[in-house]
Amino acid sequence: MKARFFWIAIGLASLAAVPFVLSQGLVNAAIPMLIAALFACAYNLLCGQAGMLSFGHSAYFGVGAFSTIHAMNALGGAGLLPTPLMPLAGAAGGLVFGAIAGWFATQRSGTYFAMITLAIAELIHALAPHLKGVFGGEAGLSSMRMPAWGFTFGTTNEVYYLTLVWVALCLALLYLITRTPLGRLALGVRENSHRLSFLGYEVHRINVLIFAISGMFSGVAGALQVVSNEAANYVVFDPSLSAAVVLNTYIGGVNVFLGPALGAALMTFFGYAVSDLTQSWLLYQGLLFVLVMMFMPTGLSGLAVLAIAAAKRHGIRAVAPAAALYLAAFASLTAAIVFLAELLGRVFSQDYKALSQAAGSGELPPVLLFGWSWSPAGMLTWLVPLALMVLGIVCWRTAGGSLRRQADAAVSNTVAAAVTAERRPA
Amino acid sequence: MTQPILSLHDLKKSFGATEIIRGVSLSLMPDERHAIIGPNGAGKSTLFHLISGNIRPNSGEILLDGRSIVGKTPQAINRLGLARSFQITNIFPRLTVYENIRLAVMRAHGLQYCFWRFVNANRKVKQQSDQLLELVRLHPRAATIAGEMSYSEQRSLEIAMTLASDPKVILLDEPMAGMSKEETAYTTSLIKEVTAGRALLIVEHDMEVVFSLGDRISVLVYGQLIATGTPDEIRRNADVKEAYLGEEVAA
């Protein structure tokens, strides 16, 4: 328990230090990371803990966002609440809309539940551009952050700290909810809701309550985005946002409380960093998701849990070579895939078509990639990714073998110990 | 004379054209252990589903403690004091044994929608959960994942969960199905012990269990009760011998 508090304090301290250490651009990038982390954790209360896979969670995020923008513009622009308390408007919007939508959606479970949530989100997404008064049409609505409590909220750093405080507070509340009777019942709903009703529980009411609470915290996330952007339009209802929260949550791992936050923060940063570098970044995001689902369905946090367990059992020194080999394998396979994807992306692009036509028939001009020029017909161009791939597979195999030997050694050690212990009395 | 705690009057249920329960009347006394036997497909499990609110009867009346419970939801019937177990083990397989019991216990303490208090802070819930675990001798297994226990341990857990709401009437659907001889003997004594002072309605195939456990036995054949009586009366009943017990008891 003490160790846990220690790590939380370290984490919070380093997040608080961000504006002092990193550039303004990175502080600006950290705000959406925090917001995505909160959104994913709010989603995970419904999806991971209560086992209800919602495909339309952008609806509650968006309702929270628009509630906030209206609260900011209320009273002739003075705002319904002081700026630091604005997310409460988002919370209220998310809670009310979550309760209404949840009442309908949780009438069914499984696939039907997912379809209803999808339909509700689509309904709002289709309706929003037409409701000019509420959602501001296609242009959306904008607002201004008012100074309050001695802060101007005019700088990125102030917005960052406001977001950080709200996200930390909400994550703490979401964690505490897992320790309450309702939080335990959420697990019961996931495991066997049929049995719950034969234990005397009104399962539908429990479901609605969990759905509404998840909607409320999603609404806070939406509110924080509005406070940060000072604007909102109907794009917040976009299905891609609903999809992103599902992907982020699963990439992070649903079984560890902060797993979804980790996944969301990483993927948001990935989008920020990689989308500038390449057009294929959505391909990489999709690949990452498919690979995580195929090879580590417990997500990145699940992988961390496994690694820590292995390190505890065999000792860090024994596991370190395997871990390094796995990292090397991952790095070389990633390099191979990125190289191929980028190369093919260039070769099949419109620009390249024009270039090769200009060069004359049958000519394949070289492609500039990673600072070198590669000829598509050249041997080396294809040998590099092939070599990287072989290297990756070899590293992977060696790492697996080393881990197996370790496990065998551990077993024979225990057997040897048992045999010695048996002999000793004689 | 005391009133029956549970009584069925001319209960009927059909699925489409198929009549499964064809007019069953039965009364269960407050501290009676009553066993229902019958060949496969006689409608024993359907009868349990009707009583516990899982499905609705086409006609007839079910009175629990003098009140009609026809058409009530399973959760409402549970809160009126009737708890059941299932033929196929029905627990929370990926949660710990303790968590399983606690979910069952919390309801009776009115902790349905509570999200402002910690569950660990509730001493009464903890105390009662511990007591139930002691009662079914699963205390050493409290931290085990329920789905990873042996079959008979899971059945014991299910009995404990059934007891958690302190019910007046307990319905056990084949609690010994799939158990070894030793496990059956152990579970029989366990059921005797934990159902003392409550009404028990039990469906079971193991005749040894039925005749040692039941104060009275009813025989259900093709949706109708052909006999109800003490174990001795049932043993001597000619209809029962012919319809169901056959050579087994005659020998």
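The following questions and answers concern a predicted model. Residues are numbered from 1 along each chain as its sequence is written, and chains are lettered from A in the order in which they are written. Local features need pLDDT of at least 70, side-chain atom pairs count only at pLDDT 80 or more, and totals for chains, interfaces and linings use all residues.

Visitor: Which strands stand at the edges of the open sheet in chain B?

Guide: Strands here are DSSP E runs of at least two residues, numbered from the N terminus, and two of them pair if DSSP finds at least two bridges between them. The sheet is mixed, with six strands in the order S6-S7-S8-S3-S9-S10. One side of each edge strand has no neighbour in the sheet because each has a single partner strand; in chain B these are S6 (82–84) and S10 (224–229).

Visitor: Which residue is the bridge partner of Arg84(B) in S7(B)?

Guide: S6(B) and strand S7 of chain B, residues 169–173, run parallel and are joined by three bridges. In S7(B), Arg84(B) has as its bridge partner Leu171(B).

Visitor: How many residues has the largest nonpolar core?

Guide: Such a core is a set of buried Ala, Val, Leu, Ile, Met, Phe, Trp, Tyr and Cys residues joined through C-beta atoms within 7 Å, where buried means that 20 or more other C-beta atoms lie within 10 Å of the residue's own, with C-beta atoms placed from the backbone. Among the residues with the most contacts inside the largest core are Ala37(A) and Val169(B). The number of residues in this core is 156.

Methods. Helix = DSSP H or I, 4+ residues; strand = E, 2+ residues; numbered from the N terminus. Buried ≥ 20, exposed ≤ 12 C-beta atoms within 10 Å, placed from the backbone.
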